[in-house]
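Here is a short dialogue on reading a model of a protein chain. A learner asks about features in turn, and a teacher replies.

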Amino acid sequence: MASSKPVRLRTGLVLTAVLLTLLFAALLVISLSEVHNDWSLGRGSPFGGGIPEQDLANLWMAGRIARLGHLDWLYTARLFEAWRNHAFGMALVPEPWIYPPTVLLIGIPLSFLSLIAAFLLWTAGSILVAVLALRHARLPWPILLVGLGAPATWRSLILGQYGVATGALVVAGLLLAPRQPVRAGILVGLCTLKPQQAVIVPVGWLAARNWRAIAAAAAVFAAMALAIAAWLGRQSWMLFLSQSRLSMRGILEAPLPQPYINTGVSVFWMAHTLGLGFPAAYAMQAISAISAGTLAYRAWRLPEADPLARMAVTVCLSLLVTPYGYTSDMVAYSLAVTTIAAGNGWRIRMIDGLLWLWPGYCPLVAEATGVVLTPVAVAATIALAWHHMVNAR
């Protein structure tokens, strides 16, 4: 028995190395094949339908604009679109810059590289951060490998999105919170770069009276916010607060049909595609957010709750809070679904497989039905995780 732990550790490391190699090799082939595309003709990624390295390209270009001192161009939709068209051609779907200035702490350094080099570095770094964070939180190797092998991970990586790193950081922070609150707070604080996946975490930690974790997360955010303000000036935050809200509202309320809504995860978009007007859709989103907060508070007030099940409940509840989010933000959700299967002794049921695969095929369902049904899949996952959390006490 004494030698079983080193053997399991070596096996886990080998399996992880194989996973990282396969993921990175596949993305390398995709990227190298796409880098020869003539972007001026609008030939983009076969996966995202846009330019190669779609969302990472926006971050890369935002970094360039910021270091040239044109923050007003970055947060003015028509000027940012002019930059995109100049760089990648005219056949692009309009996509305003809506992210907080703190992401430029990453975007500016990446902008000194070529786009393809920045994409590959971002991809490798995202996978490495995810694996290190999850293992630091003692997430078992089987859950880590199966969870990170899900369609949500592939979509996030192919688009150059934040979901893999931020999803793993949220999961790790939730698992670490009871025993290492400061480290947990640091990890979740880093997720404020794109806060959708961590927006409900403070509610849970408030319920658990985990003040040290809350303080650490707030300190990390404050440090990043002050750093970017010192680097780029206070106008970076003023422009974000004044302009991004308008751009985001334009994305949310764009007339149907919109292809990007097919990969949406919010209750607002589900209500809108069901035919409800904007006031009713916003009301449903508000009800969803309040309900999610209430459930998160209850989950973290339960004594001796199973940590994995509580984590699964919490990360899924976050997806029901905000009106804005996509399947690339569902990496933590995939890890949650995997923990449910693990909690059942890896006796995989049909619903486990359907939920794990959902971020991959939900656009097909949305296109066929005209309705965004991702909140239903998220709610089903919450119900399964909650059942395990309550019955494992």
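The dialogue goes from confidence and overall make-up to a pocket, one helix and some single residues.

Q: What kind of model is this, and what limits apply to the values?

A: This is a predicted model, in which local features need pLDDT of at least 70 and side-chain atom pairs count only at pLDDT 80 or more, while totals for chains, interfaces and linings use all residues. Residues are numbered from 1 along each chain as its sequence is written, and side-chain values use heavy atoms, with hydrogens and water left out.

Q: What is the mean pLDDT of the protein chain, and where does pLDDT stay under 50?

A: pLDDT is the predictor's confidence in each residue, from 0 to 100. The protein chain has a mean of 86, and 85% of its residues reach 70 or more. Over residues 30-52 the pLDDT stays under 50. For that stretch the model has 44 contacts beyond four places in sequence, a contact meaning heavy atoms within 4.5 Å.

Q: How many helices and strands are there in the protein chain?

A: Helices (H or I, at least four residues) and strands (E, at least two) are DSSP runs, numbered from the N terminus. The protein chain has 19 helices and 0 strands. Of its contacts with a separation of 6 or more, 73% are between residues 24 or more positions apart.

Q: What share of the residues is buried?

A: Buried means under 20% relative accessible area, exposed over 50%, and partly exposed in between (1.4 Å probe, protein chains only). Buried residues are 52% of the 393 in the protein chain. Helix 8 (residues 151-158) is mostly covered, with 6 of its 8 residues buried: Pro151, Ala152, Thr153, Ser156, Leu157 and Ile158. After helix 8 comes Gly160, which has a positive phi near 70 degrees.

Q: What volume does the second largest pocket have, and which residues are closest to its centre?

A: On a 1 Å grid over the protein atoms alone, a pocket is an open set of points where a 1.4 Å probe fits, with protein on both sides within 12 Å along at least five of seven lines; lining residues have an atom within 4 Å of a point. Grid points are joined across faces, edges and corners, and the volume is the space filled by probe spheres set on the points. The second largest pocket has a volume of about 410 Å³. It is lined by 18 residues, of which Ile98, Gln196, Phe240, Met248 and Tyr324 are the closest to its centre. Helix 13 (residues 235-252) gives the most to this lining, with 7 residues.

Q: Which residues have a positive phi although they are not glycine?

A: Among them are Arg209, with phi about 55 degrees, and Trp346, with phi about 60 degrees. Arg209 sits in the loop between helix 11 (201-207) and helix 12 (211-232), and is partly exposed at 41% relative accessible area. Trp346 is in the loop between helix 17 (331-343) and helix 18 (350-369), and counts as partly exposed at 35%.

Q: Where is the cis peptide bond that involves Pro257?

A: The bond joins Leu256 and Pro257, with omega about 0 degrees. Pro257 belongs to the loop between helix 13 and helix 14 (267-273).

Q: Which residues does Leu79 touch?

A: Leu79, in helix 4 (residues 77-88), touches Asp72 and Trp73, not counting residues up to four places away in sequence. Leu79 is partly exposed, with a relative accessible area of 24%.
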